[in-house]
Amino acid sequence: MVKLTYEQCQQLFDLNALLTQSLEERVVLQNLMAAAMGLVKRADTVIIYEWNEEGYLTFSAGMGVEQSSIRKVKFRAGESITGRAFQERRIYNVSLDHAKNYMTNMSKKNAAAFQRAVDFKTVQSVLAAPLVYQENCIGVLVVDNFDAPGDIFTEEETLIIKILANQAAIALTNSRLYKELEQRNNDLLTIQNMHHTFSNILLEGSGIGQIVHVLNRLLTQPVTYEETVDKANSAFPIISSNETLGYFRLPQTYESYSNIERVAIEQAANVVVLELIKQNNLFERENKLQEELFLKLLDGTWDHQFTYYSKFNKLTKFSTVACLLVEGKKEPLWLQDSLVSKERILRKLEQALHVADRDAIVFHRGFTVFVLVPDTATHANSKVKQLLRRIFPDTEVVAGIGRKVPVSQIGDSYREANDAIQLAKKSRDQQIIRYEDLGFERLWHGTDQGALTQYISDQIGPLINGDPVDYETLKTYIQLNGRHKETAESLCIHPNTLSYRLRKIEDLLSVDLRVQKDFLKLMTAFDILDYLPNIIVPNTK
């Protein structure tokens, strides 16, 4: 049975006391190194390797080695004597010949780094003990002898290293736990400070820009907030109730950040959600006020609220105003259950309109956008169409524009805009209709649709149900106001062919295209047809 001397036992007892006095890993390792060198007289180097998350045993502390070189050594489990002791969880005590044999599977890179670390000395004997705590191996304690040729380390020395390894495993585990707790406590304090900072931004109403500024400072990297992104691989989505409200554009992937940095990103995203909800509530309140004031205008009421609300009060300085209505032709302009869709669309439309007219007032009732402008002369149909296409690239949009009227008569312009937009919904090819440009259409809008359908049937019914070529021929002839040569050129046919077709059509419809009354009836029928989309016309393509 191996027995230790009283002095050795006292040294081990003193070491144990030292290890319990500090939880700082650096101090623990220094005490272990010093004890190993003092208790094992043949020890020329003492090294502790720790197992890392990447799956390697790497240098943690040591004495008697050149540290810049030994830090480059990365042992796999089972590699060399150190890797074997770790993998098999048993002590290796080997002399020169066995040591060389066990070290043959050491990688060239590790072998070269190790040789430089020990100044190219030859190992005479090696003692490697695994650091095991509660069946978990966390590293290896290695003692090398270079200067004293001979046999393996003694049983007494082996027992000392075994005891030191056990103490080291316990001390390092405690040190790690302490470090983790300390880090966790620091993280909690950091998170608490972040929460306090972001909460203050929200309470102060500093906006999303300040939230992003603070996040930039926390990550020490440039971050931007964007409502939409083309590529989402480096963008962090800001989500509320399954709706993506925006993104943080990050310089690297979210997964590559540390845990505390991820918390910062997530907290910033949560505060952005709250800020957007607050902004949306303010937007809805403002829109409700504008809607109520508009209804008062329709009733001819003008009270003190207009004075206090600058947007509507400025109407008083204009002699005329016009109403513009915008809707989706087949579907709403925004998502009904979306938090931000409606607000963003209206804000974008308002900004676009303000480029041409800073005094335009934009609000909504239901799914209809209302625009009050003091002068629509600059808002030609083509410009309005371009604007709507830019704001609603993926939605079929229609618009109706009422006449310019005195502010007190805004109700008239609204009713005209409403009639115009209803006609635009029915139109096959007109997206925007200005009421003042309407002719007979003003009368059709108030006429029973059945009567209009019957009129079309009476005038051009045989043509609609007949040869598509004849239909297209008469339609083009009517559109070109009966100009024979231009019609032939438009249809890419010979003038004689056109004459033949027109005579055929006259016989079919029992009309004379040279008679103004007959020509007017047909023109009216085609005009009405444009506003009755439910009637199927021949496909001439």
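1. A good place to start is a cysteine at the surface: at 70% relative accessibility, Cys492 counts as exposed, because the cut-off for that class is over 50%. Please keep in mind while reading that this is a predicted model.

2. Cys323 makes a nice counterpart. Its relative accessibility is 0%, so Cys323 counts as buried. As for cysteine pairing, the structure holds zero disulfides.

3. Now for the overall picture. The protein chain has 541 residues, and 45% of them count as buried. Its secondary structure comes to 20 helices and 14 strands. Among contacts in the chain with a separation of 6 or more, 63% join residues that lie 24 or more positions apart.

4. Helix H9 deserves a look of its own. It runs over residues 259-298, which makes 40 residues, and at 1.5 Å a residue it should span 58 Å; the C-alpha atoms at its ends are 58 Å apart, so the expected and modelled spans agree. Just after H9, Gly300 takes a positive phi of about 80°.

5. H9 also has a packing partner in helix H14, which covers residues 410-426. The two pack at an angle of about 105°, with their axes 8 Å apart. Since 65 to 115 degrees is the range for that class, H9 and H14 are roughly perpendicular to each other. From H9, the residues that meet H14 are Phe294, Leu297 and Leu298. On the H14 side they are Ile410, Gly411 and Tyr414. By class, this contact has five nonpolar residues, one polar and no charged ones.

6. A second helix pair is worth setting beside that one: H17 (residues 468-479) and H20 (residues 516-530). Here the packing angle is about 105° and the axes are 10 Å apart. H17 and H20 are therefore roughly perpendicular to each other. H17 brings Tyr471, Leu474, Lys475, Tyr477 and Ile478 to the contact. H20 answers with Phe519, Leu522, Met523, Phe526 and Leu529. By class, the contact has nine nonpolar residues, no polar ones and one charged.

7. One general point may help when you inspect these contacts on screen. An α-helix has 3.6 residues a turn, so residues three or four places apart point the same way. With that in mind, you could look again at Phe519, Leu522 and Phe526, which are among the H20 residues in the contact with H17.

Definitions and conventions. Residues numbered from 1 in each chain as written. Predicted model: local features only at pLDDT ≥ 70, side-chain atom pairs only at ≥ 80, totals over all residues. Heavy atoms only, no water. Helix = DSSP H or I, 4+ residues; strand = E, 2+ residues; numbered from the N terminus. Expected span 1.5 Å × (residues − 1). Disulfide = S-S within 2.5 Å. Buried < 20%, exposed > 50% of the residue type's maximum accessible area, 1.4 Å probe, protein only. Axes fitted to C-alpha atoms, helices over the stretch in contact; angles between N-to-C directions. Parallel < 35°, antiparallel > 145°, perpendicular 65-115°, else oblique. Contact = heavy atoms within 4.5 Å. Nonpolar A, V, L, I, M, F, W, Y, C, P; charged D, E, K, R; others polar.
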